[in-house]
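Me: I'm new to this one, so could you walk me through it bit by bit? Let me pull it up first.

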Amino acid sequence: MKITKNIVVTIHYTLTDDNSEVIDSSQGGEPLTYLHGHGGIIPGLEAELEGKMLDDAFKVSIQPDLAYGVIDKNLIFRINRSSFADSKNIKTGMQVRGQLTKEGPSMIFWVKEVNNEDIVLDGNHPLAGQTLHFDVKVSELRNATKEEIAHGHVHGPHGHHSH
Ligand SMILES: [Zn+2]
């Protein structure tokens, strides 16, 4: 069986950054299971998995535009501390929830910088702008059910949805 659209794929992986620091890994934990061809994982990794077979192992580096995107400067805001009710409790690396406009949807921002005057909030994905280095092994393959294909995601033991 080859990996192609509508195959349920399970992989073990280790993800490192440009400095070889491990960002995420399935080693010693649950492998990742997804429905191939439905955009369930980042585009660069999905493209690399196309045509692979059970037990295939490979390494691939994925540029930001095929991973979590390039950094959008319009999502980075420098805001005066006085605008925050609880600025004393805001620390670098924290996540805060906010809106870009009064009626806009609520979104997650990372606190990028805190100084005496300002707090810098970043609405980009934490991995935006980064080249991602994956070490992957295909550990399980099966055909998707009709229901999984209709939903566009995996059900069952390794799936994220139980409906
Ligand atoms: Zn479903």
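Reply: Sure, and let's start with a term: two strands pair if DSSP finds at least two bridges between them. Strands (E, at least two residues) and helices (H or I, at least four) are DSSP runs, numbered from the N terminus. This is a predicted model, where local features need pLDDT of at least 70, side-chain atom pairs count only at pLDDT 80 or more, and totals for chains, interfaces and linings use all residues. Residues are numbered from 1 along each chain as its sequence is written, and side-chain values use heavy atoms, with hydrogens and water left out.

Me: Which residue in E2 is the bridge partner of Thr 16?
Reply: E1 covers residues 7-16, and E1 pairs with E2 (residues 22-25) in the antiparallel sense over 3 bridges. The two strands form a hairpin with 5 residues between them, and Ser 20 in the turn has a positive phi of about 65 degrees. Within E2, the partner of Thr 16 is Val 22.

Me: Which residue in E3 stands opposite Val 9?
Reply: E3 spans residues 32-35, and its antiparallel pairing with E1 has 4 bridges. Opposite Val 9 in E3 you'll find Tyr 34.

Me: And in E9, what is the bridge partner of Tyr 13?
Reply: E9 is residues 132-143, and 10 bridges join it to E1 in an antiparallel arrangement. Look along E9 for the partner of Tyr 13 and you land on Val 136.

Me: How many of E1's 10 residues are buried?
Reply: Buried means under 20% relative accessible area, exposed means over 50%, and partly exposed is in between (1.4 Å probe, protein chains only). By that yardstick E1 is mostly covered, and the count of buried residues is 9.

Me: Which elements give two or more residues to the largest nonpolar core?
Reply: A nonpolar core is a set of buried Ala, Val, Leu, Ile, Met, Phe, Trp, Tyr and Cys residues joined through side-chain atoms within 4.5 Å. The largest has 21 residues, and the ones touching the most other members are Ile 11, Leu 45, Leu 49, Phe 134 and Val 136. The elements you're after are E1, H1, E4 and E9.

Me: How many residues are in the second, separate core?
Reply: This other core includes Ile 90, Val 111, Ile 119 and Leu 121. Its residue count is 7.

Me: How far apart are the C-alpha centres of domain 1 and domain 2?
Reply: The bounds come from an automatic or database domain assignment. Domain 1 takes in 7-68 + 128-151, while domain 2 is 73-122. The distance between their C-alpha centres is 32 Å.

Me: How many residues apart in sequence are the parts that Asp 55 and Lys 137 tie together?
Reply: Those two form a salt bridge, with their closest N and O atoms 3.9 Å apart; the term means a side-chain nitrogen of Lys or Arg within 4 Å of a carboxyl oxygen of Asp or Glu. Asp 55 sits in the loop between H1 (43-49) and E4 (57-62) and Lys 137 in E9, so the pair ties together parts whose separation in residues is 82.

Me: In the salt bridge of Arg 142 with Glu 148, which residue is buried?
Reply: The closest N and O atoms of this pair are 3.0 Å apart. Arg 142 has a relative accessible area of 30%, so it counts as partly exposed. At 2%, the buried one is Glu 148.
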